Amino acid sequence: MFEENSNHLLNAENSSDSANLRNKNSKSSSHNINEIGRDDTKPLQISKKPFLGGYRHKLTGQIFHHAIVQTRPSPWKYNFVLQFNRDAQTVEMKDKSQQTPKDASTQVQARNIYLSTTNDKILDTTNNYIYADDIKKEHLNQIITLQRYIRSWLAFRELLRRKKKALLQILWDKEEIKNKCKEDADWLRDLEKRRLNPKTEDDFRLIFSDLQNWWNSETKSISEVRSGADCKAAMWLLINTEVTKIEEVNKKKDKFGQEQYIQRRERFLERASKSKMWKASNNTVQVHTSTTMRATYLHDLYQTLSMKYVSVQDRVDALRNLKEVLKPYHSKLTDNLIQLANREIDLHLRGIKNAHLEGLQNRIRNLFWQFAKKPVFNPEMQLLTKIKKDDTSSPYIMCCSACKCFYILPINSTDEVLGKSVRENYFTKCKKCLDIENEAWIRKDLELYKRMLKLLISEEERKPSKSSIIYILQPSDIGYLADKIWKHQSCISGSKNDLELELTRFHINKNWTPWNCLLVTRQEANVLSKIPDSETKYDKKFKMSASQKHAEARRYFATIPRFLPYLAEDSSISLKTNT
């Protein structure tokens, strides 16, 4: 019986179109057979048992399975329902009416009904009847009162915040003023130190500027007090005093020039004596070659010969070392050096003082410098000497209009925009003649303009948009702007205090240029930077005056080649805005 049922179930599983399934009811023994189509129902899924071993009888063909598969499967616990039917996939909705749980009613006295009034209470009527509008008004008044207190509290908080901000701003302004005053004092102190101990060309230019200021004040006082022969005699004494002061300054300048020349020589020899260096992964590798060792020896010998306060024995030993270095070479230069060294040694042995041998020692030092800088005697000098490149283009030649000397200009010294008028017939004064002219009668100091340029660069670098024109400006350009165009005074207050004047933007939204600037004091610049709208902070008359000065600055800077690209860019921007 088990075999037939199992075969029947297997045949039911493999049927394609329809299957007859038996649903056994536990309460009744009758079998109901339902025909289920493929489109409306899903056939019963009978799990296929895995083959876990067994055998088949050869004579009867009966299959004997493993013990697990010979157990009857558990009955299906779910009833067979239509799975592809709308009713099985839709939630049933039910409507149900509700009634109050208790009915209540009232009854009044009528003709045929008597009601007892013994337990009734009579309420007295009052005139204080409150309407709904009154309640709303009371609520609104309470809300307004609450809002008033809250807003007063918020306003008090805002007042405290603004007071704190104003106090911090005042403290910050005081600190800035204090820092500015300290910077001004340091700058003046530095100028005083440079006047007493000049070490650069700018320091000597500053001394000559002070000399010119002294001359102007003395001549003004003489012309006011004296006249006639007394005035001429006083001017003659003043000129003699000026000549003596100029001589003192020139002595310091000559001494400074000699020291600078000797220092340049020593730096050049020091560069030649440096060891060869290569960069490795972790550190640098230094190698001393025979040529660098020779350059080092020559550098040390030159330093020894340049020393002033040495003993006689040390000086004689240095001269003997010099003769040992010059022995392998035979030339006119080496022969002269050997003769001079022998002469100095002989004079030292005779007891001549060093003060009488300064000229001879300077001559030996200069000839040894000529010996040490030649690549024949010092091979390392060949790497430091400039190699002239073969340039087929024609050089730019400048003729000095004062000394009538010709100078070869570098390629980048002129601008192609100006054409041949700059390259040909380029007559101007050389740097040497300009320095002599400045020392003679102009005596102009550029320290103030250097300071103004430094302040301008520091202020522009703090702003989000800055122009690169500030990095090509020279102190002379700032001097022309301040003196010639803005008359060395504030365009707003007319102040002429040198420590307070600075350059700022005319239009805040545009980049700074010489034709978009104002010369004002420090406080005025701070006020102008806080007003972004230029239409409201300048009146019509002031705008007209500023535009005239800007046009004058544009005409002047158009003659300088390095400013031409900025002028062309500014003109193109103005044309775009007009169109």
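**Exercise 1. Work out how far apart in sequence the contacting residues of this protein are, and how the chain is built overall.**

Start with contacts, meaning heavy atoms within 4.5 Å. Among those between residues at least 6 apart in sequence, 58% join residues at least 24 apart. Before going on, note that this is a predicted model, where local features need pLDDT of at least 70, side-chain atom pairs count only at pLDDT 80 or more, and totals for chains, interfaces and linings use all residues. Residues are numbered from 1 along each chain as its sequence is written, and side-chain values use heavy atoms, with hydrogens and water left out.

Next, take the secondary structure: 17 helices and 11 strands. These are DSSP runs numbered from the N terminus, with helices being H or I runs of at least four residues and strands E runs of at least two.

Then look at burial. Buried means under 20% relative accessible area, exposed means over 50%, and partly exposed is in between (1.4 Å probe, protein chains only). By that yardstick, 25% of the 579 residues are buried.

Last comes the surface. The protein exposes about 44600 Å², and carbon and sulfur atoms supply 54% of that. Areas like this come from the Shrake-Rupley method with a 1.4 Å probe; for residues, only the protein chains shown count as cover.

**Exercise 2. Find the surroundings of Glu242, and say whether this residue is buried or exposed.**

First, place it: Glu242 sits in helix α4, which covers residues 229-272. Second, check the accessibility: the relative accessible area is 12%, so Glu242 is buried. Third, list the partners. Setting aside neighbours within four places in sequence, Glu242 touches Leu211, Trp214, Trp215 and Arg443.

**Exercise 3. Count the salt bridges and pick apart a few of them.**

Side chains of opposite charge can pair when their charged atoms come close. Here the test is a side-chain nitrogen of Lys or Arg within 4 Å of a carboxyl oxygen of Asp or Glu. Run over the whole structure, the search turns up 24 salt bridges.

Now try helix α2. Arg162 bridges to Glu158, with the closest N and O atoms 3.0 Å apart. The two are 4 residues apart in that helix, so about one helical turn separates them. Arg162 is exposed at 55%, while Glu158 is partly exposed at 28%.

Stay in helix α2 for another one. Glu192 and Arg195 form a salt bridge at 3.5 Å between the closest N and O atoms. They are 3 residues apart, and about one helical turn again separates them. Glu192 is partly exposed at 41%, and Arg195 is partly exposed at 25%.

Then move along to Lys327, which pairs with Glu324, the closest N and O atoms being 3.5 Å apart. Lys327 is exposed at 52%, and Glu324 is partly exposed at 49%.

Finally, look for shared partners: they join Asp190, Arg194, Asp202, Asp203, Arg205, Asp435, Glu447 and Lys450 into one network of salt bridges.

**Exercise 4. Sort out the aromatic pairs.**

A pair of aromatic rings is described by the distance of the centres and the angle of the planes. Rings of Phe, Tyr and Trp (its six-membered ring) pair if their centres lie within 6.5 Å; planes under 30 degrees apart are stacked, over 60 edge-to-face, and the rest tilted. The structure holds 13 such pairs.

Take Tyr302 and Trp369: the centres are 6.5 Å apart and the planes meet at 55 degrees, so call the pair tilted. Tyr302 is in helix α5 (residues 290-306) and Trp369 in helix α8 (residues 358-372), so the pair ties together parts 67 residues apart in sequence. Both Tyr302 and Trp369 are buried.

Compare Tyr556 and Phe557, an edge-to-face pair with 5.1 Å between centres and 80 degrees between planes. Tyr556 is partly exposed at 26%, whereas Phe557 is buried at 0%.

To finish, follow the linked pairs: they gather Phe268, Tyr302, Tyr329, Phe368, Trp369, Phe371 and Phe377 into a cluster.

**Exercise 5. Check the cysteines for disulfides.**

The criterion is a pair of cysteine sulfur atoms within 2.5 Å. The structure holds 0 disulfides. As for accessibility, Cys231 is buried at 19%, and Cys433 is buried at 14%.
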